[in-house]
Amino acid sequence: MEVVICPDEEQVGAVAADRVITQIAGKHTPVLGLATGTSPLNLYAELQRRSAAGDVDFSHALGFALDEYVGLDPQHPLSYRQTIDRTVVKPLGMTPERVRVPNGFAADLEAAANEFEDAIVEAGGVDVQILGIGSNGHIGFNEPTSSFSSRTRVKTLTQQTRDDNARFFDDDETVPTHCVSQGLGTIMDARNLVMVASGEKKADVVAAMIEGPVTAMCPASLLQFHRRAFVIIDEAAASKLQYAEYFRHVASHQPA
Ligand code: F6R
């Protein structure tokens with residue numbers, strides 16, 4: 001795992017955007033794994049700037065979102081379909097039909113989840129998966145105790161996740177109870193992982209992910225097993241790391 005500590009969350013976005021662009025350089029049809037939530041917003045804003053500057057072109061890119069709520073119409077403004085369209089597809093100039101979001105509104109959720117998995121395989125796999133981390137260590141909506149080999153499927157949200165996401169809804173009762181999420185196995189198949197986190201609230205879980213044991217109780221700790229996992233965090237999110245000095249040293253002493 002490569003850990004980069006940045007002075008602030010804007011820098012997290014800039015460094016993460018660099019990583020994403022480097023990892024898809026030269027590809028006519030890059031395949032992006034897309035996270036929703038607050039953490040990657042600076043990263044998407046920077047990708048938008050870089051695309052407007054002509055550094056990168058996402059019009060041929062394919063996209064696969066991590067997750068979706070069950071039971072929300074894809075037209076609902078808080079569905080992840082709409083969120084991804086608003087915060088990623090439009091700003092980056094991606095083609096909406098080339099971006100898939102798991103279907104949480106299908107009559108047969110399991111069949112829809114399997115189709116989603118097949119579409120990733122047909123696309124040749126994900127080049128770079130963008131990730132945030134939940135306060136309980138989830139990635140996607142793989143809540144603690146999720147299987148390390150799980151694939152896209154229906155999951156039940158924990159109360160902690162529903163509380164965390166209540167900020168997006170007018171009334172706590174309307175936060176959905178279930179979701180369809182890429183599995184941990186699905187996420188681990190991506191060729192590159194770019195995880196972004198910022199703020200003191202994430203400090204404990206970031207330390208558990210990077211320095212703790214690999215355990216289903218902190219699903220993000222599975223990133224320790226990925227060959228190309230880049231974790232980009234700000235000082236506040238790094239504040240509980242024992243090895244923060246080491247990570248700073250590594251970043252500023254790269255071999256020539
Ligand atoms: C979003 C997702 C989640 C979030 C995580 C952090 O698609 O899969 O794992 O990345 O809950 O959310 P924020 O960034 O809002 O703190």
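Tutor: Helices here are DSSP runs of H or I with at least four residues, numbered from the N terminus. Keep in mind that this is a predicted model. With that in hand, let's start at helix 8, which covers residues 244-252 and holds Ala251.

Student: Why is Ala251 called partly exposed?

Tutor: Partly exposed is the class between the cut-offs of 20% and 50% relative accessible area. Ala251 has 44% relative accessibility, so the label partly exposed fits. Its C-alpha atom is 9.1 Å from that of Glu2, although 249 residues separate Ala251 and Glu2 along the chain.

Student: Let's move to the loops. Why does Gly26 count as exposed?

Tutor: Gly26 sits in the loop between helix 1 (9-24) and strand 2 (31-34). Exposed means over 50%, and Gly26 has 86% relative accessibility, so exposed is the right word. From Gly26 to Val56 the C-alpha distance is 9.5 Å, with their positions 30 residues apart in sequence.

Student: And Gly125, why is that glycine called buried?

Tutor: Gly125 belongs to the loop between helix 4 and strand 6. The limit for buried is under 20%; Gly125 has a relative accessible area of 16%, and therefore it counts as buried. Its C-alpha atom lies 9.9 Å from that of Phe64, 61 residues away along the chain.

Student: Which loop holds both Thr145 and Thr152?

Tutor: Thr145 is in the loop between strand 6 (128-131) and strand 7 (153-156), and Thr152 lies in that loop too.

Student: Is Thr145 buried or exposed, and what makes it so?

Tutor: Thr145 has a relative accessible area of 57%, and because the cut-off for exposed is over 50%, Thr145 is exposed. Thr145 also has a positive phi of about 80°, although it is not a glycine.

Student: Is Thr152 buried or exposed?

Tutor: The relative accessible area of Thr152 is 5%, which is under 20%, so Thr152 is buried.

Student: How do you know that Thr152 and Glu117 make a polar contact?

Tutor: A polar contact needs a pair of N or O atoms within 3.5 Å, one able to donate a hydrogen and the other to accept it. The contact between the side chains of Thr152 and Glu117 is 2.7 Å, so it falls within that 3.5 Å limit. Glu117 also makes a side-chain polar contact with Arg151, at 3.1 Å.

Student: Where is Glu117, and why is it called buried?

Tutor: Glu117 lies in helix 4 (residues 109-122). Its relative accessible area is 11%, and with under 20% as the cut-off, Glu117 is therefore buried.

Student: Now the ligand. Which residues come nearest to it?

Tutor: There are 15 residues around the ligand, and Thr36, Ser39, Asp67, His138 and Lys202 come nearest. The shell divides into 4 nonpolar, 8 polar and 3 charged residues.

Student: Which polar atoms of the protein lie at 2.6 Å from an oxygen atom of the ligand?

Tutor: A polar side-chain atom of Asp67 lies 2.6 Å from a ligand oxygen, and a polar side-chain atom of His138 is also 2.6 Å from an oxygen atom of the ligand. The protein covers 92% of the 410 Å² of accessible area that the ligand has on its own. For Thr38, a backbone N or O atom lies 2.9 Å from an oxygen atom of the ligand.

Student: What is the space taken by the ligand?

Tutor: That space is the largest pocket.

Key: Residues are numbered from 1 along each chain as its sequence is written. This is a predicted model: local features need pLDDT of at least 70, side-chain atom pairs count only at pLDDT 80 or more; totals for chains, interfaces and linings use all residues. Side-chain values use heavy atoms; hydrogens and water are left out. A residue is near a molecule or strand if one of its heavy atoms lies within 4 Å of it. Accessible areas come from the Shrake-Rupley method with a 1.4 Å probe; for residues, only the protein chains shown count as cover. On a 1 Å grid over the protein atoms alone, a cavity is a set of points where a 1.4 Å probe fits but cannot get out, and a pocket is an open set with protein on both sides within 12 Å along at least five of seven lines; lining residues have an atom within 4 Å of a point. A molecule sits in a cavity or pocket if more than half of its atoms lie within 2 Å of its grid points. Ala, Val, Leu, Ile, Met, Phe, Trp, Tyr, Cys and Pro count as nonpolar, Asp, Glu, Lys and Arg as charged, and the others, Gly among them, as polar. Helices (H or I, at least four residues) and strands (E, at least two) are DSSP runs, numbered from the N terminus. Buried means under 20% relative accessible area, exposed over 50%, partly exposed in between (1.4 Å probe, protein chains only).
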